Amino acid sequence: MTSLAGNAAAKAAFRAAMSGAQLHHAWLFAGPEGVGKASFARQAAMRMLAEAAGKGGAGDFDVPEDSPTRRMIEAGAHPDYREMARLPKDPDKPGENLARSIPIAQVRGLGPMFATKPSMSARRVVVIDAIDDVERPGAANALLKNLEEPPEGTIFLLVSHSPGRLLPTIRSRCRLLRFDPLSDAEVASVLRAELPTASAAEIDALVKAGGGSPGKALGFAGLDLATLDTEMSAIATRGDPDNAVRSRLAKTLGPKAAQPRYEAFLARVPAFIAAEARGKQGRALADALDAYEQAAQLGPLALAQSLDAQATVFEMGGILARLAAR
């Protein structure tokens, strides 16, 4: 397993804790979504279990491909590893139409494992991705009991995108490890590894769209953001007085088949405006900030209320046009 990009300080802190005399039983990996918290939690869990079994491997968190621990975890068969996340509503369609939360039944499902000692070593690991999704109050309180009285040898790795929304009692039981947005260079490195055939222009557009989050950037892959950025820049620069660019965008993004790209456009516009605002001052800055607020509100509203896509794109174009120099 290769090392993950970014957040070297957080990973070094956890490596140091792993090497200490006694590792705290509950950790809260907190930070923006898509910066690698969950991936690191899985990687760290694998390394902890491999080390506990006496076969850790080289590097801080690498585990050899032929490691029995790695093979069992990747096959979903390791008796001392559990990963809890929202489940698909239809078991035959994994990854699609996920449940809104992690219910109490899932939390209680850990009970049989906790009723016995770890099987392969003296340690077991539970990863929850994300703790924000645990249903309140029932499931959260059920989990809290395990955090207050941790089963023997158990380490909890809780992933959170919004730690401030968690129960204070859960936060107080955990040691906090903060993850920050990645640098543009780090995001680009991840994208080039994951998208080896992507052009430099596409990588650049995805880096801008990701805002320090490789996960977010990868979600936009294949949607030709570079062209959308070109169109947005044209509107923001010239104002699109004849509505030609807005009309073209509306026609392109309006059809139902273009829904993923339409949603990417709605998500991209506020970030694009925020980036443009950094170079403005005075009245132009005030207009940009007002445009940002309008765009940030319109996108979620359009999706939640299923507003007409073409009309929404055209309206977004009008908001972008406010950035044009006067």
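Contact here means heavy atoms within 4.5 Å. With that in hand, here are some notes for a first look at this structure, which is a predicted model.

1. **α13 against α14.** Start with this pair. From α13, the residues that meet the partner helix are Gln259, Tyr262, Glu263, Leu266, Val269, Pro270, Ile273, Ala274 and Ala277. On the α14 side they find Leu285, Ala288, Ala291, Tyr292, Ala295, Ala296, Gly299, Ala302 and Leu303. Sorted by class, this contact has 15 nonpolar, two polar and one charged residues.

2. **How that pair is arranged.** Helix α14 covers residues 282-304, and its axis comes within 8 Å of the α13 axis. The two cross at roughly 160 degrees. Angles over 145 degrees count as roughly antiparallel, and that makes α13 roughly antiparallel to α14. As for handedness, α13 passes α14 in a left-handed crossing.

3. **α11 against α12.** Next, look at helix α11 (residues 225-238) and helix α12 (residues 244-253), which pack with their axes 10 Å apart. The angle is about 150 degrees, and α11 and α12 are therefore roughly antiparallel to each other. Leu228, Glu231 and Ile235 make the contact from α11, while α12 brings Val245, Arg246, Arg248, Leu249 and Leu253. Five of these residues are nonpolar, none is polar and three are charged. Here too the crossing is left-handed, with α11 passing α12.

4. **α11 has another partner.** Follow α11 to helix α15 (residues 309-321): the axes of these two come within 7 Å and cross at roughly 50 degrees. They are therefore oblique to each other. Met232, Ile235 and Ala236 of α11 touch Gly317, Leu320 and Ala321 of α15. That contact splits into five nonpolar residues, one polar and no charged. Keep an eye on Ile235 of α11, which is listed in the contact with α12 and also in the one with α15.

5. **The largest pocket.** Which residues lie nearest the centre of the largest pocket? They are Gly34, Gly36, Lys37, Ser39 and Gly215, out of a lining of 27 residues. The volume of this pocket is about 670 Å³. Three elements each give two or more residues to the lining: α2 (37-52), α8 (184-194) and α10 (214-219). The largest share, four residues, comes from α8. If you colour the lining by class, expect 13 nonpolar, eight polar and six charged residues.

6. **The second largest pocket.** This one holds about 290 Å³ of space. It has 18 lining residues, with Lys208, Arg268, Ala271, Phe272 and Ala275 lying nearest the centre. The elements that supply two or more of the lining residues are α9 (200-210), α11 and α13 (259-277), so you'll be meeting two of the helices from the earlier points again. The lining divides into eight nonpolar, three polar and seven charged residues.

7. **Cis bonds in one loop.** Most residues other than glycine have a negative phi, and most peptide bonds are trans. Against that background, go to the loop between β3 (124-129) and α6 (138-148), where Ala130 is found. The peptide bond from Asp129 to Ala130 is cis, with omega near 10 degrees. Further along, Arg136 and Pro137 are joined by a cis peptide bond as well, with omega about 0 degrees. Pro137 sits in the loop between β3 and α6, and so does Arg136.

8. **What Arg136 touches.** Leaving aside residues up to four places away in sequence, Arg136 touches Arg165, Leu166 and Leu167. For a sense of distance, the C-alpha atoms of Arg136 and Pro163 are separated by 14 Å, with the two residues 27 apart along the chain.

9. **A positive phi before α11.** What is the phi of Asp224, which is not a glycine? The angle is positive, at about 55 degrees. You'll find Asp224 in the loop between α10 and α11. The helices on either side of that loop have come up already: α10 gives residues to the lining of the largest pocket, and α11 does so for the second largest pocket.

Definitions and conventions. Residues numbered from 1 in each chain as written. Predicted model: local features only at pLDDT ≥ 70, side-chain atom pairs only at ≥ 80, totals over all residues. Heavy atoms only, no water. Axes fitted to C-alpha atoms, helices over the stretch in contact; angles between N-to-C directions. Parallel < 35°, antiparallel > 145°, perpendicular 65-115°, else oblique. Left-handed = near helix turned anticlockwise from the far one by under 90°. Nonpolar A, V, L, I, M, F, W, Y, C, P; charged D, E, K, R; others polar. 1 Å grid on protein atoms, 1.4 Å probe; cavity = no way out; pocket = protein on both sides within 12 Å on 5 of 7 lines; lining within 4 Å. Points joined across faces, edges and corners; volume = space filled by probe spheres on them.
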